[in-house]
Structure formats: structure tokens, C-alpha cells
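Thanks, everyone. I'll start with a few single residues, then move to helix packing, then the whole chain. Here is the structure.

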Amino acid sequence: MSNQHDSSNPLPAQSVMYSQLQPWSQAGAPPCMEPIGGPTVPSRLAASYETTQRHPWRPKMAFEMIEIKHMPEQPVTNQMTQPCFVPQGMKTEGMIFPNLVTGFERNPQHAARAALYTRYTNNEWHNNNLGIYGESNTNRNLSERMRNDAIRLMRETDETATTGQRDAGRRLGERITDLTFWRNELNAELEKLVGEMSDINELQRQCGKAMLDLEIPLHIAQECLFHREARQGMEKVHDNVEKALLLEINHLRNSRDRLKELHEKIAKQAIDCRGAQHLLEIDVTQKESTMGIDSMCHRLNNYSRGITYFGGIEKYDPTVSSQDSWALASSEHVKRSQAERAKLSQLRSDSQNVVNGVASSVWDFWNNTNNALDRRSQEMAGAKNRVQLHLQKVQQELFDMEKHLFLLQKAIQDKSNPLKVAQTRLEARSHREGMELCKDSAQDRLVQEVHDIQGTVEVLHHKLQEAEATHQSLLKTRCILEEDLRNKVNALFIDREKCMSLRRSFPISNLIRY
């Protein structure tokens with residue numbers, strides 16, 4: 001029906017009301033409508049300007065220009081107040097009053113169209129107020145908690161800054177103490193070294209046979225190091241055996257050089273002593289300079305003059321050593337000075353003592369290396385057995401994980417039929433007619449069931465992904481264990497068969513004596 005009626009149109013013989021039909025209705029009426037009857041009512045005489053809202057259950061909002069005429073003498077009913085049944089004499093469009101009784105006698109759709117539309121219920125209004133109050137309480141509590149957190153944070157930052165400055169000052173004091181200790185140690189060692197260097201005497205020794213006897217142990221130690229370079233992977237470890245071999249080689253070379261160039265040792269020893277002295281002097285000078293800097297830093301506070309910002313200075317790291325390496329460097333300087341003084345004392349000792357000492361030390365290093373090889377072989381054999389045990393456990397875990405993956409996949413597949421049932425029920429209930437499209441407890445439970453099943457499937461998929469990731473990790477672990485086992489078997493063969501076979505007997509039959 002159009003929104004504007006022309007007064008020149010002839011009056012219809014009979015106006016017909018329509019009600020909604022089912023989609024499959026075959027009545028001879030416009031789609032989804034069928035006649036239900038009504039009296040003949042003349043059309044309105046007016047020019048209306050309506051809104052675009054065309055709902056039959058809402059009063060029309062419009063401005064009209066009405067031609068005033070006398071109302072016919074007939075009662076005004078709900079049926080007559082319909083836009084299509086208003087008499088010519090009515091000047092305004094009447095309010096539609098719902099007739100729920102007769103409407104429900106016809107059908108629920110007619111009653112719903114006849115009733116006034118209410119946007120919200122009283123419970124919704126109360127719930128909206130409660131929600132506003134709750135949001136207000138939540139925001140106020142959040143604001144108070146944020147203020148308390150900010151105050152606590154300010155206090156914590158102040159305390160942290162004070163504690164950090166105090167701790168830094170304490171650390172600087174400890175550092176000054178360490179510097180003072182090492183400076184005194186270096187000064188004492190420097191004085192001793194200077195005193196020893198004044199007593200160097202010429203020494204001449206005969207050591208031809210001793211040098212020849214040292215060549216065989218040196219060759220064996222180097223051969224062992226060469227064989228151990230064939231180790232693979234993580235087995236190329238700097239273990240006690242390698243350390244012992246390096247120490248042995250270093251000792252043999254030092255002994256050989258000492259015996260070979262004993263008659264030139266005095267001049268060389270003087271040069272070495274001067275080098276140690278130079279290192280000690282440089283170290284002492286640097287430590288005194290550092291003590292001055294650290295003392296100045298230790299005296300600085302928040303009210304000191306000259307403090308300023310140095311942006312990004314904390315990102316600049318000019319350090320070249322750690323605290324341990326710093327102490328180790330000073331210790332090495334002291335040890336070197338002590339070693340040089342010991343060499344000076346050795347040079348002053350009898351040649352026989354030197355030769356016998358060399359032979360004894362060679363024997364000790366030889367035994368230490370053999371003992372280290374034996375302990376390393378036993379340790380490696382135990383590690384190989386443990387790796388084999390872990391490999392067996394990983395194989396079993398892989399088997400169990402594969403069964404677990406199959407069970408997870410089956411569990412996910414098993415959830416498909418319940419989900420289909422729930423969704424099919426929901427789809428079937430969506431075809432209910434009229435007011436039967438009720439959101440009842442069954443509808444809520446079906447929706448909840450779909451959500452529960454989908455959530456369960458999602459959790460199962462997540463667990464399946466985790467299980468697959470764990471399975472891949474186990475596969476990777478198995479490969480790592482297999483490779484590690486091969487490397488351990490190879491390293492064990494090198495230590496037992498190649499190195500130990502060369503070192504079964506000491507190559508020097510008699511001690512070197514003169």
C-alpha cells in the first residue's frame with residue numbers, strides 16, 4: 001500500500017486485511033499474505049509525508065496536511081484505525097491498541113504485529129543500572145590501585161637508587177682493597193726479582209745425552225695429541241688428558257731447550273728477568289693510576305661537584321678483562337717473576353741436580369698423562385653406556401608418543417559425530433514456526449553443547465600440536481644421541497687403542513745421571 005493516498009481515487013468496494021502465511025502457502029494473495037476479512041471502510045483523504053519505516057506494528061511518524069471534514073457516525077475500533085481503513089472524516093491517524101486476545105485467537109504473528117514494540121524490559125533496565133554501578137566501582141578501584149602502585153613504585157625506585165649507589169660504593173671500596181693488595185704483592189715481588197737478578201752467575205752444563213733421551217717421550221706425546229685431533233663433535237673436549245699432554249709436551253720442550261742451551265741460559269735468563277720486571281713495573285703503574293680513579297669515584301656522591309650526564313655511557317663497554325681474568329693476569333705476572341727467580345736459583349744449583357730433576361719430572365708427567373688417559377677411558381665408557389641407555393629410553397618414548405598421537409587423532413575424529421548431531425539439531429529447530437521459535441532451555445543447551453564440543457576439539461588440536469612438536473623433539477634427540485654415541489665410540493677407540501698402546505712402556509730405560 002502506498003504512503004500517500006489521492007482523494008480522487010474511487011473508494012474500494014471492500015478492504016481486505018492480510019495475515020502472514022507459511023512460505024509454502026498456495027493462497028491467491030501476495031507472497032506471505034492471505035486475506036482474513038474486514039468491513040468496507042473508505043480511504044483517507046490527506047497528503048501524508050511519512051518516514052521510511054514501514055512496520056505495521058509501529059505507529060507511523062509523519063506530517064500530514066488533512067482536509068477537515070465531519071467524521072462519520074460510526075464507532076472507532078482497532079480495525080478502523082489501521083492506515084488502510086481510516087474513514088475520510090478522521091483528521092489524524094489513530095493509535096493502534098493491541099488486541100492480544102483476538103490476535104492470539106487468529107495466530108501469534110498477528111498478535112505480535114498488533115502489539116506495541118518495547119525496546120527494553122524492566123529487568124534489562126535494572127541490569128543496565130547495575131552494570132553502570134559495577135563499572136563505576138571497578139574504575140574507581142582500578143584508579144585507586146594504580147595510584148597506590150605508583151606511590152609504591154616511586155618509593156621502590158628511590159630505595160633502589162639509594163641501595164644501588166650504596167652497593168656501588170661498597171664494591172668500589174672492595175675494589176680499592178683488591179688493588180692495594182695486588183699493588184703490594186707486585187711491589188714485593190719486584191723487589192725480590194731485582195735482588196735475584198744481581199746474583200746471576202755463569203753456568204755451563206753438558207746435556208747431550210739427556211736431550212737425546214727426551215726426544216722419544218716428546219714424539220709420543222705429540223703423536224697422542226695428533227691422534228686425539230681425530231675426535232668428532234663434542235668429544236673434541238679440552239679434557240684432563242689433553243691438558244696433561246700439553247703440560248707434558250711443554251715440560252719436555254722446556255727441559256730439552258734448557259738442556260740444549262744451558263751454556264747460553266745466563267744471557268737469556270737475564271732477558272727473561274728483565275721482561276718479567278718490565279711487566280711488574282707496568283702493572284704496578286697501572287694499578288696506582290687505577291687506584292687514583294677508583295678513589296675519586298668512591299668519594300663521589302649526589303652533592304659532589306663535576307657530576308653530569310653522559311648519555312649512553314652504560315652501553316659503551318671499554319673493558320678488556322673480567323675480575324677473574326684481571327686477578328689472574330696479576331697472579332700470572334707474580335708467578336712469572338717467581339718462575340724467573342726460581343730459574344735463577346736453578347741456574348745457580350748443581351748441574352747434577354738439574355739433570356736428575358728433569359728426569360724425575362719427565363717420569364711424573366708421563367705417569368700423570370697415563371693416569372689421565374686411563375680415567376678418561378673409564379669415564380668415556382660409562383658415558384657411552386649411559387648414552388645407549390638413554391637411546392633405548394628415547395626409542396621407547398617415541399613408540400609411546402606415536403601411540404599417543406594416534407589416540408589424540410582418534411579422539412578428535414570421535415568428536416565429529418556429536419558436533420554434527422548438535423548442529424543438526426540446531427539447524428532443524430531453526431525451522432520452527434512463529435512463536436515456536438523460542439529460545440528455550442533446549443536451545444541454550446544445544447548451543448552450549450556445540451561450544452563445548454568445539455572448545456574440546458580446539459584443546460585436543462592444541463594438545464595434538466604439542467604432541468607432534470614433542471615427537472619431533474624426540475626424533476631430534478634420537479639423532480643427537482646416535483651421533484653422540486658414534487663420537488664416543490670413536491673417541492674411546494682413539495684413547496684406548498691408539499694412545500695407550502704407545503704409552504705402555506716408558507721409553508727411557510735408566511734415569512739420566514752424570
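Start with Glu215, in helix α4, which spans residues 208-228. Keep in mind throughout that this is a predicted model. How accessible is Glu215? Its relative accessible area is 35%, so Glu215 counts as partly exposed. Now look across to Leu252. Glu215 and Leu252 are 37 residues apart in sequence. In space, their C-alpha atoms are 8.2 Å apart.

Next, another glutamate. Glu242 sits in helix α5, residues 240-260. Is Glu242 buried or exposed? Its relative accessibility is 13%. The cut-off for buried is under 20%, so Glu242 counts as buried. What does Glu242 touch, leaving out residues up to four places away in sequence? There are contacts to Leu225, Arg228, Arg231 and Val237. Note the two arginines in that set, Arg228 and Arg231.

Third residue: Trp326. Find Trp326 in helix α7, which covers residues 323-348. The relative accessible area of Trp326 is 14%, so this tryptophan is buried. Which residues does Trp326 touch, again setting aside those up to four places away in sequence? Arg175, Asp178, Leu179 and Trp182 are among them. Lys287 and Ser321 are also touched by Trp326.

Last of the single residues: Glu458, in helix α10. Buried or exposed, for Glu458? At 58% relative accessibility, Glu458 counts as exposed. Glu458 also has a partner to point out, Ile412. Along the chain, Glu458 and Ile412 are 46 residues apart. Their C-alpha atoms are separated by 9.0 Å.

Now helix packing. Two packed helices are described by an angle between their axes and a distance between those axes. I have two pairs.

Pair one is α3 with α6. Helix α3 runs over residues 122-197, and helix α6 over residues 265-299. How do their axes cross? They come within 9 Å and cross at roughly 155°. Angles over 145 degrees count as roughly antiparallel, so α3 and α6 are roughly antiparallel to each other. The crossing of α3 and α6 is left-handed. What kinds of residue make up this contact between α3 and α6? There are 16 nonpolar, eight polar and nine charged residues.

Pair two is α9 with α10. Helix α9 covers residues 416-429, and helix α10 covers residues 441-502. Their axes lie 9 Å apart, at an angle of about 150°. The crossing of α9 and α10 is left-handed. Who meets whom across this pair? From α9, the residues are Pro418, Leu419, Ala422, Gln423, Arg425, Leu426 and Arg429. From α10, they are Ala442, Gln443, Leu446, Val447, Glu449, Val450, Ile453 and Gln454. By class, that contact of α9 with α10 has nine nonpolar, three polar and three charged residues.

Finally, zoom out to the whole chain. How many helices and strands are there? The protein chain has ten helices and four strands. In what order do the elements run? From the N terminus on, the order is β-β-β-β-α-α-α-α-α-α-α-α-α-α.

On burial: the chain has 514 residues, and 27% of them count as buried. The accessible surface comes to about 34,800 Å². Carbon and sulfur atoms hold 54% of that surface. On contacts: take those in the chain with a separation of 6 or more. Residues 24 or more positions apart account for 77% of them.

That's my walk-through. Over to you.

Notes
Residues numbered from 1 in each chain as written. Predicted model: local features only at pLDDT ≥ 70, side-chain atom pairs only at ≥ 80, totals over all residues. Heavy atoms only, no water. Axes fitted to C-alpha atoms, helices over the stretch in contact; angles between N-to-C directions. Parallel < 35°, antiparallel > 145°, perpendicular 65-115°, else oblique. Left-handed = near helix turned anticlockwise from the far one by under 90°. Nonpolar A, V, L, I, M, F, W, Y, C, P; charged D, E, K, R; others polar. Buried < 20%, exposed > 50% of the residue type's maximum accessible area, 1.4 Å probe, protein only. Contact = heavy atoms within 4.5 Å. Areas by Shrake-Rupley, 256 points an atom, 1.4 Å probe, with all protein chains shown as cover.
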